[in-house]
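Visitor: Please take one close look at the interior of this protein, and go through it slowly, in one connected account. I would like to know what is packed there and what is left at its edges.

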Amino acid sequence: MVMFDKNRRHNRGKFGDRPKGLSEPQRTVPFGVQRIPEAEKEGRTLRHFNTVANKYDFMNTLLSFGIHYLWKRTAVEMMDLKIGDKVIDVCGGTGDLAVLADRCVDVSGKVIIYDINRQMMQAGRTKRIRPYKNKRIEFVQGNAELISFPNEIFDAAMVGFGIRNLTHMDAGFTEMHRILKTGGKMMCLEFSKPTAPVFRRLYDFYSFYVMPLLGELFVGSREAYTLLPESIRMFPMPEELTALLKKIGFRKVTHRNLTNGIAVVHVAEKA
Ligand code: SAM
């Protein structure tokens, strides 16, 4: 497994801006609904996913009633991958998106799961899935804010339910843009908020009361499944994300709401 290079630095954008006049230790970023020192977010996120790694797939299926598989399939279809494409699954975790992409790019293509957390990738590796056994899917451990690949080598870069966890989301998108070839596709699948007011209230009740309870019962951590709905509420709305992607340099940015906006897929192209 390749390790990442932490020596490069990024400009901080909107989601990690340091207000002028503040000294380095006071810089804060969102972690759920709290703000925490910027330097702590990576470690706390790592610990969070260490806690849930072994039950991650099971909990996703339980909490979404299995719908996350349909969302992931739709999201991968929207990238319109071709046989032979080289694809990176940023924050790929247990690799559901990578497995779906592998079916599209076939043996002449390549899919790389790129994630900072070894335990999440290990949890996915135990799946009895052919592309893993045939070593068609590769694993690289690294930080999505400093992706350890050269410029312009991928035909597609996707991120599923991961970008919200970065300390600087804009740095993650900028890196995805950098490693894409001109005309390459970027796909981001993320949770959002339901558009229908009544459904949104029901969803709020489910996510703030039922999810943490199930987290406590099945993973032994109420906190881990309180962070999930909190971080979803802090994530930008689709139009705001579209504006950020355009600012970074993506074009043809489109999005599609899934299940009344519980999840949203953004697809864009590198100009
Ligand atoms: N993409 C998978 C899916 O759709 O099921 C996993 C999503 S999981 C919610 C988020 C993943 O992002 C975790 O595996 C976590 O380790 C990873 N992650 C969080 N911060 C990261 C970072 N800075 N760089 C790379 N991966 C990160």
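Guide: A residue is called buried here when its relative accessible area is under 20%, exposed when that area is over 50%, and partly exposed in between. The model is a predicted one, and by this criterion buried residues make up 55% of the 271 residues in the protein chain. The chain has 10 helices and nine strands, and 71% of its contacts with a separation of 6 or more join residues that are 24 or more positions apart. On the outside, the protein chain exposes about 12,900 Å², of which carbon and sulfur atoms supply 55%.

In soluble globular proteins, nonpolar side chains tend to be buried together. In this model the largest nonpolar core has 44 residues, and the members that touch the most others are Met187 and Leu189. Helix α4, which runs over residues 96–105, gives the most to this core, with six residues. A second core, separate from this one, has 29 residues, including Ile88, Cys91, Val140 and Phe235.

Leu189 repays a closer look. When residues up to four places away in sequence are not counted, Leu189 touches Trp71, Lys72 and Ala75, then Val159, Gly160 and Phe161, and finally Leu258, Ala263, Val264 and Val265. The last three of these lie in strand β9, which spans residues 263–270, whereas Leu258 is in β8, which spans residues 250–258.

Met186 can be followed in the same way, since this residue lies in strand β7, residues 180–191. Because its relative accessibility is 0%, below the 20% limit, Met186 counts as buried. Leaving aside its neighbours within four places in sequence, Met186 is in contact with Ala157, Phe173, Met176, Leu180, Leu245, Phe250, His266, Val267 and Ala268. Its C-alpha atom is separated by 9.9 Å from that of Phe154, and these two residues are 32 residues apart along the chain.

Past the end of β7 comes Ser192, whose place is in the loop between β7 and α8, the latter covering residues 197–218. With a relative accessible area of 4%, Ser192 is under 20% and is therefore buried, although its place is in a loop. Apart from neighbours within four places in sequence, its contacts are Tyr203, Ile232, Met237, Pro238, Gly261, Ile262, Ala263 and Val264. Ala263 and Val264 are thus touched by Ser192 and by Leu189.

Another loop residue, Gly109, lies between α4 and β4, the strand of residues 110–115. Its relative accessible area is 15%, so Gly109 also falls under 20% and counts as buried. Not counting residues up to four places away in sequence, Gly109 touches Gly84 and Asp85, and its C-alpha atom is 8.6 Å from that of Arg136, a residue 27 positions away in sequence.

Two other loop residues have a different accessibility class. Asp80, placed between α3 (67–79) and β3 (86–90), has a phi near 55°, a positive value in a residue other than glycine, and is partly exposed, because its relative accessible area of 45% lies between the 20% and 50% limits. Asn260, in the loop between β8 and β9, likewise has a positive phi, near 60°, without being glycine, and at 31% relative accessibility this residue counts as partly exposed.

The interior also has a ligand to account for. The ligand is surrounded by 20 residues, the closest being Tyr56, Asp115, Asn143, Ala144 and Gly160, and Gly160 is one of the residues that Leu189 touches. By class, this shell has eight nonpolar, 10 polar and two charged residues, and α1 (38–52) and α2 (56–64) each supply at least two of its members. Among the polar contacts, an N or O atom in the side chain of Asp115 is 2.7 Å from an oxygen atom of the ligand, and a polar side-chain atom of Tyr56 lies 2.9 Å from a ligand oxygen. Cys91, which is included in the second core, has a backbone N or O atom 2.9 Å from a nitrogen atom of the ligand. Of the 600 Å² of accessible area that the ligand has on its own, the protein covers 97%.

Key:
Residues numbered from 1 in each chain as written. Predicted model: local features only at pLDDT ≥ 70, side-chain atom pairs only at ≥ 80, totals over all residues. Heavy atoms only, no water. Core = buried A, V, L, I, M, F, W, Y, C linked by side-chain atoms within 4.5 Å. Buried < 20%, exposed > 50% of the residue type's maximum accessible area, 1.4 Å probe, protein only. Contact = heavy atoms within 4.5 Å. Near = heavy atom within 4 Å. Polar contact = N/O pair within 3.5 Å; in protein donor to acceptor, adjacent residues only side chain to side chain. Areas by Shrake-Rupley, 256 points an atom, 1.4 Å probe, with all protein chains shown as cover. Nonpolar A, V, L, I, M, F, W, Y, C, P; charged D, E, K, R; others polar.
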